[in-house]
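Visitor: I have a model open in my viewer and would like to learn how to read it. Could you take me through it, feature by feature?

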Amino acid sequence: SGSWGNGELGHHRVVELRTASAADGSELPPGRQAMWARMPGETTTTAAKLGFVADMVPVAVCDAAGVRGAGTSLDNSLRVGHLVDCEWLLLDLHGHVAHDGYGYGHAHLWSPDGVLLGTGSQTAKLFSIDAFFDRGD
C-alpha cells in the first residue's frame, strides 16, 4: 500500500480535524466543507500554521466532483489577516473546479471567536483515495 496506509505521511499525523456544521444548521452545498482543525499543543497562530491547514482545499474540490480524494499541491497562496492565537481554527473550504485531473479552490480560516485569520487558494493534481491505495507500491 502507499505510504498513507502505514501512517507515514499526511495531515492526520499532526492535525486533528472535526466536522463543523453551517451556522444555521443547514447542509453545506457540494464542494463546500467546514471543519475545525488544530495541531495539538499549538496555540500560537502563524502564517505557516494557516498555510498547512489550508492545504485541505483539494479534499473539498474532490468532494465537489463526488469523489473521496485529495491532491498534490501545484501552487497555493495565502493572504494573512489579523492573527490571534488560538488552538482551534475553523476551515471554510470551497471546491471550485475539477477538470482533467486538476482542481482549484479556496479556504477561509477563522478563529473560534470569528476573526478572519486569512484566506488561501490552491491548485492541485487530484487523486481518489481508492486509486491511491490501489497503486500497489
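**Reading the fold, the core and the charges**

Guide: Let's start inside. The buried residues of helix α1 pack against β2, α2, β3, β4, β5 and β6. Keep in mind that this is a predicted model.

Visitor: Okay, which residues of α1 are the buried ones?

Guide: They are K49, L50, V53 and A54. Here's the general idea for reading such a list: an α-helix has 3.6 residues a turn, so residues three or four places apart point the same way. In this case, the buried residues of α1 fall within an arc of 130° when you look down the helix axis, so they line one face of the helix.

Visitor: Let me zoom out. How many helices and strands does the protein have?

Guide: There are three helices and six strands. Going along the sequence, the order is β-β-α-α-β-β-β-β-α.

Visitor: And what share of the residues counts as buried?

Guide: Of the 137 residues, 35% are buried. As for the contacts, take those between residues at least 6 apart in sequence: 69% of them join residues at least 24 apart.

Visitor: How should I read the nonpolar core?

Guide: In soluble globular proteins, nonpolar side chains tend to be buried together. Here the largest nonpolar core has 21 residues, and V53, L89, L91, L93 and L109 have the most contacts inside it. At least two residues of this core come from each of β2, α1 (47-54), α2 (57-64), β4, β5 (102-110) and β6 (116-128).

Visitor: Which element gives the most to this core?

Guide: That's α2, with four residues.

Visitor: On to charges. How many salt bridges does the structure hold?

Guide: It holds four. When you read one, look at the distance between the charged atoms, then at where the partners sit in the chain, then at how exposed they are. Try R32 and D92, whose side chains meet in a salt bridge at 2.7 Å, N to O. R32 lies in strand β2 (residues 32-38) and D92 in strand β4 (residues 88-99), so the pair ties together parts that are 60 residues apart in sequence.

Visitor: Is D92 buried or exposed?

Guide: D92 is buried, because its relative accessible area is 13% and the cut-off for buried is under 20%. R32 is partly exposed, at 29% relative accessibility.

Visitor: Which residue does R38 meet in a salt bridge?

Guide: R38 pairs with E87, and the N to O distance is 2.4 Å. This pair also links distant parts of the chain: R38 is in strand β2, while E87 is in the loop between β3 (69-80) and β4, 49 residues apart. E87 is partly exposed, at 24% relative accessibility.

Visitor: And what about R18?

Guide: R18 forms a salt bridge with E16, their closest N and O atoms being 2.7 Å apart. R18 is partly exposed, with a relative accessible area of 46%, and E16 is also partly exposed, at 22%. Now step back from the single pairs: E16, R18, R38 and E87 are linked in a network of salt bridges.

Visitor: Last stop, the outside. Which residues make a nonpolar surface patch?

Guide: L78, V80 and L83 make one of about 200 Å². L83 sits in the loop between β3 and β4 and is partly exposed, with a relative accessible area of 31%. For the whole protein, the exposed area is about 7,600 Å², and carbon and sulfur atoms supply 53% of it.

Note on methods: Residues are numbered from 1 along each chain as its sequence is written. This is a predicted model: local features need pLDDT of at least 70, side-chain atom pairs count only at pLDDT 80 or more; totals for chains, interfaces and linings use all residues. Side-chain values use heavy atoms; hydrogens and water are left out. Buried means under 20% relative accessible area, exposed over 50%, partly exposed in between (1.4 Å probe, protein chains only). A nonpolar core is a set of buried Ala, Val, Leu, Ile, Met, Phe, Trp, Tyr and Cys residues joined through side-chain atoms within 4.5 Å. Contact means heavy atoms within 4.5 Å. Accessible areas come from the Shrake-Rupley method with a 1.4 Å probe; for residues, only the protein chains shown count as cover. Patches are made of residues with over 30% relative accessible area and no salt bridge: like charges are joined within 9 Å, nonpolar side chains (Val, Leu, Ile, Met, Phe, Trp, Tyr) within 5 Å. The arc is that of the directions from the helix axis to the C-beta atoms.
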